[in-house]
Number of protein chains: 2
Amino acid sequence: MILRKMFIIPSFEIHGGVKGLFDLGPPACALKAAMVDAWRKHFVLTESMLEMECTCLTPEVVLKTSGHVDRFTDLMVKDPVSGECFRADKLLEDAIDELIEANPDMPVEEREEHMRIQIQADAFSPAELDEQLTKYGCKAPSGEPYGASFPFNLMFKTSIGPEGTSVGYLRPETAQGLFVNFRRLLDANSQKMPFAAAQIGLGFRNEIAPRSGLLRVREFCMAEIEHFVNPNDKSHPNFASVAGKELVLFGRDDQLGSGKTKTVTVGDAVSSGLVNNETLAYFMARTQLFMERIGMDPERLRFRQHLTTEMAHYACDCWDLEIQSSYGWVECVGHADRACYDLDVHGKATKTPMVATLKLDEAMEVEMAKLKFDRKALGKTFKADQRVVSGALEALAENWADFEPIATALETEGKTTVDGFEITKDMVTWKKTTKKVHEIKFTPSVIEPSFGMGRILYSLLEHSFYQRDADEQRCVMRFKPAVAPQKCAVLPISSGDEVNAVVDEIAAELMDSDLATRVDKSTASLGRRYSRADEVGVPFAVTVDFDTLTDGSVTLRERDSTIQIRLPKADVTRVVFDFVHNRLTWEEAVKKYPTVSVKED
Amino acid sequence: MILRKMFIIPSFEIHGGVKGLFDLGPPACALKAAMVDAWRKHFVLTESMLEMECTCLTPEVVLKTSGHVDRFTDLMVKDPVSGECFRADKLLEDAIDELIEANPDMPVEEREEHMRIQIQADAFSPAELDEQLTKYGCKAPSGEPYGASFPFNLMFKTSIGPEGTSVGYLRPETAQGLFVNFRRLLDANSQKMPFAAAQIGLGFRNEIAPRSGLLRVREFCMAEIEHFVNPNDKSHPNFASVAGKELVLFGRDDQLGSGKTKTVTVGDAVSSGLVNNETLAYFMARTQLFMERIGMDPERLRFRQHLTTEMAHYACDCWDLEIQSSYGWVECVGHADRACYDLDVHGKATKTPMVATLKLDEAMEVEMAKLKFDRKALGKTFKADQRVVSGALEALAENWADFEPIATALETEGKTTVDGFEITKDMVTWKKTTKKVHEIKFTPSVIEPSFGMGRILYSLLEHSFYQRDADEQRCVMRFKPAVAPQKCAVLPISSGDEVNAVVDEIAAELMDSDLATRVDKSTASLGRRYSRADEVGVPFAVTVDFDTLTDGSVTLRERDSTIQIRLPKADVTRVVFDFVHNRLTWEEAVKKYPTVSVKED
């Protein structure tokens with residue numbers, strides 16, 4: 001049905017298509033617009049986030065700085081005969097799945113050992129992965145063993161400008177555009193911390209072998225939030241509002257141990273240390289609420305914590321919201337505490353201070369080091385760089401905790417390295433002291449919820465689909481009124497001009513209140529037209545009949561119950577508006593207006 | 001102010017930036033979302049268009065077929081010393097501008113001759129352009145003459161997949177994604193013609209030397225409509241609704257002649273033949289209405305017709321909506337009748353019939369040719385291809401008008417070429433005859449309005465900006481309520497808890513009705529906070545004061561008049577909602593509620 005109703009279609013189908021590229025057809029396009037709108041309201045507007053739109057084209061220097069040019073890779077192996085490329089970790093995962101499936105009587109312990117290896121597949125080094133592939137007897141389609149695995153960069157490369165000398169990439173995530181704008185964003189927020197920036201836009205990954213249909217694609221819509229926070233205070237002002245919310249959590253200990261999830265409140269998850277901090281947990285709860293709001297089945301949602309080996313070296317804690325669909329449990333939203341890594345690297349590369357200021361209510365004593373340089377020794381060794389070296393040391397000396405390791409190294413080893421320069425004992429002496437400060441400057445930590453909108457859209461299609469009375473012919477999408485691509489259908493019972501005029505009038509009034517409306521004046525039976533509306537998830541249908549012309553009343557049908565009520569046509573817009581905005585439930589409407597019984601075929 | 005309020009910012013600024021790439025900051029991002037929303041309502045929803053979202057990454061075969069790989073170029077010249085690249089037509093345009101400026105006393109006729117050359121700058125062949133550059137004495141920055149001009153392809157090239165063998169491009173327009181989906185779209189529209197598909201998304205052009213700040217950029221948001229229509233009947237069912245609308249038209253005769261525009265009604269423009277057909281004119285009128293709806297200054301809008309030399313070889317007629325800003329008159333929306341070129345080329349390349357069917361009310365006699373092949377002669381010459389050749393001839397023979405040129409050529413020359421095959425007289429004989437048909441199959445023509453949303457956004461910023469009482473400190477954006485990024489500000493007069501609670505309550509109620517709201521609880525003076533809201537174009541501001549706590553009334557201020565009215569806080573949401581949805585004017589509100597006079601500083 002997804003193809004037939006033109007929800008999702010392989011791109012460039014008539015030209016043979018391209019793996020990993022899909023188009024959204026009219027109903028999916030409208031559903032996506034409604035989802036994006038709901039996301040913007042739930043996150044950006046409710047919390048006054050600063051939304052930006054940055055470019056997809058990104059110059060190499062930015063992604064070199066962020067580490068993507070060197071490290072945004074998957075391990076790839078080739079069939080030595082055909083040259084065909086495969087993603088090495090997926091081959092290992094598949095091999096383990098097959099092994100377990102082929103041996104149903106395998107002892108539990110042995111199976112768990114295999115699964116532990118499987119769960120770490122994407123964290124192995126090339127050598128480790130090669131070893132595992134050999135151990136599990138993975139063979140290329142040609143029958144030969146695969147060649148050695150090697151990292152393949154997943155970014156699409158291009159050249160910006162006519163000279164052909166300036167390398168650019170399509171961004172693999174929207175986040176970098178926000179990081180490089182940090183100083184302007186902080187200004188726009190009147191220097192107040194914490195605050196969040198957000199971006200909805202395209203990301204691109206040149207997947208090695210896109211499979212899993214709509215889930216692993218090469219071009220996708222992301223919605224990302226970068227919440228900037230003081231690294232020493234990751235509390236969240238609205239934490240209390242979500243502390244009682246229950247989440248299904250799959251911590252790393254449980255993944256490597258029991259294999260079972262835990263259902264705990266957000267408050268307990270933080271106080272027990274399972275989730276690293278309030279802000280991270282706050283966004284996990286907000287994500288859960290968003291998913292429920294757009295109509296995802298809560299029974300098929302869980303948060304999985306990254307294993308230590310899976311996380312980027314700088315990250316403190318990561319939790320993926322996984323959604324269960326016919327593809328299994330799939331990561332749809334990442335929640336990562338990226339610490340101050342990103343601001344730090346861009347700040348250093350551009351010599352731009354990426355810092356926020358915390359004003360103190362009363363002055364505070366801080367321990368620091370007072371330095372005295374031997375300028376002659378510095379100059380002799382570093383020449384033109386001597387100011388850079390002394391500047392770097394001065395910056396560290398601002399805070400004794402930062403300087404202490406330097407001091408210790410110089411005392412015990414006689415030398416140490418700062419920003420790539422080797423410092424020796426003769427260059428600097430110091431005195432531990434204190435000073436009064438009225439404000440503290442710090443590089444903010446970043447907590448990042450990152451939504452894969454395409455994956456969420458696809459999962460929502462699966463969670464919304466059902467067949468009425470198990471009749472294959474009568475497919476229904478149970479989209480919630482708030483996200484349904486079209487809110488209301490308006491149908492004439494006959495093709496008479498008078499009836500049609502009322503249909504147009506009601507449709508215009510609905511559209512005028514921003515309620516997307518579907519008019520179906522085709523000659524198909526009413527039952528057939530209801531079915532068509534059901535298939536694209538229209539929650540309500542108004543039918544104009546001959547009685548409407550005399551008493552001004554119309555029938556309003558609700559999609560899932562198929563119950564119909566009779567109400568004045570003048571009430572239609574307000575009632576549908578209130579349904580869509582969660583101000584009126586169908587049950588309340590049924591109590592207020594008389595129900596009518598009409599057979600649907 | 002555009003930078004200071006973070007409307008638009010050069011991308012990757014801290015890393016030195018990239019020419020032709022810009023980010024949208026929070027207020028522009030919200031304005032763009034509101035513009036896109038208005039566009040979707042004005043075009044897609046009102047006319048039940050089929051909206052899609054196709055990918056930016058496009059395989060080479062698609063753009064080879066569409067002609068972009070071979071012809072999507074600008075002429076480029078290089079400085080022979082530095083190797084720096086320039087766009088040749090822009091150099092000529094600039095040279096003519098300079099010449100005219102430097103010679104204010106130039107006779108009118110001479111000046112007009114120069115301007116006629118200028119207007120054709122982007123239509124010259126490389127040799128013609130080289131000649132003109134020499135004639136106008138254009139020199140490279142190094143002082144040397146430029147090298148010969150040559151075509152530079154403006155598409156960004158990349159490689160899709162890990163093997164590195166599959167070339168892809170970033171799409172230069174969204175249209176191709178819709179064309180290749182034509183058959184599915186026609187199905188989704190139950191085979192009914194005419195119909196329109198639409199797409200909002202990114203386009204990319206590797207501009208040679210991006211200038212004109214925000215107008216000539218390398219990555220931009222487009223909104224395109226492809227209206228598919230019977231080439232023999234380009235009438236539009238809703239044409240009557242716009243026939244009386246006046247447009248400012250700058251026809252090609254006037255461009256090469258009087259240099260003056262004409263103001264004519266849409267109906268007259270079509271009946272006089274100035275605009276080629278009803279559908280093209282209908283969309284021009286709808287574009288004009290859209291521009292007025294989002295608040296563009298109608299005095300600074302005009303439609304300019306393409307010169308014959310400027311149009312693609314297949315196009316019937318093209319009109320650009322140009323918007324005047326500080327950059328002069330800039331093309332912001334193209335309206336092109338692309339005939340059946342696109343469907344034709346994709347149909348031929350993929351051997352997919354891209355046709356629609358017109359069912360006739362009564363059977364019709366059509367003239368055709370009945371063919372008789374000499375299979376032996378065909379087989380000898382074409383071998384395995386003989387069926388392809390006879391099939392192509394049979395298809396042409398369906399309609400005498402199509403076959404007549406073939407017949408004439410064979411009779412007079414003894415041979416002709418069909419689809420690249422040389423046919424000789426001995427291979428086929430024919431008889432002109434008639435047959436009864438109940439339906440006609442045809443390749444639809446495409447009429448395409450194509451909106452450059454970034455350019456429109458920038459123009460709207462210029463048209464909306466003014467300074468209150470000519471005071472440079474008091475900048476205002478006069479965004480219409482329907483597209484204003486934020487609809488209402490809510491301000492407490494003091495920081496007391498009780499007042500703040502009412503502010504939060506009103507803001508929540510506004511947001512709940514989808515009215516984006518700005519809460520400003522800062523300690524700045526009320527006048528200062530009004531000014532801040534004015535700068536980002538918030539049309540209304542509600543102020544909660546101490547009286548609110550006793551009588552429940554609040555002040556509502558309108559941005560442009562700065563008039564304030566007093567109304568019950570319970571009325572606020574409905575009143576603002578009605579302003580935004582054009583159901584209530586400010587004048588009506590002022591009659592209904594008492595005005596209050598408060599000094600603003």
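Student: How many of the five residues of strand E14 (residues 301–305) of chain A are buried?
Tutor: The model is predicted, with local features needing pLDDT of at least 70, side-chain atom pairs counting only at pLDDT 80 or more, and totals for chains, interfaces and linings using all residues. Residues are numbered from 1 along each chain as its sequence is written, chains are lettered from A and ligands numbered from 1 in the order written, and side-chain values use heavy atoms, without hydrogens and water. Strands (E, at least two residues) are DSSP runs numbered from the N terminus, and buried means under 20% relative accessible area (exposed over 50%, partly exposed in between; 1.4 Å probe, protein chains only). In E14(A) the number of buried residues is five.

Student: Which residues point the other way from Leu301(A), Phe303(A) and Gln305(A)?
Tutor: In a regular strand the side chains alternate between the two faces of the sheet. Opposite to those three, and also buried, are Arg302(A) and Arg304(A).

Student: Which residue of E15(A) stands opposite Arg304(A)?
Tutor: Strands pair if DSSP finds at least two bridges between them. E14(A) pairs with strand E15 (residues 317–325) of chain A over five bridges, antiparallel. Opposite Arg304(A) in E15(A) is Asp320(A).

Student: Which residue stands opposite Arg304(A) on the parallel side?
Tutor: Strand E12 (residues 246–250) of chain A runs parallel to E14(A), joined by two bridges. The residue opposite Arg304(A) is Phe250(A).

Student: How many disulfides are there over all chains?
Tutor: A disulfide is a pair of cysteine sulfur atoms within 2.5 Å. The sulfur of Cys221(B) is too far for a bond, because the closest cysteine sulfur, in Cys56(B), is 10 Å away. The count is zero.

How values were computed:
Helices (H or I, at least four residues) and strands (E, at least two) are DSSP runs, numbered from the N terminus.
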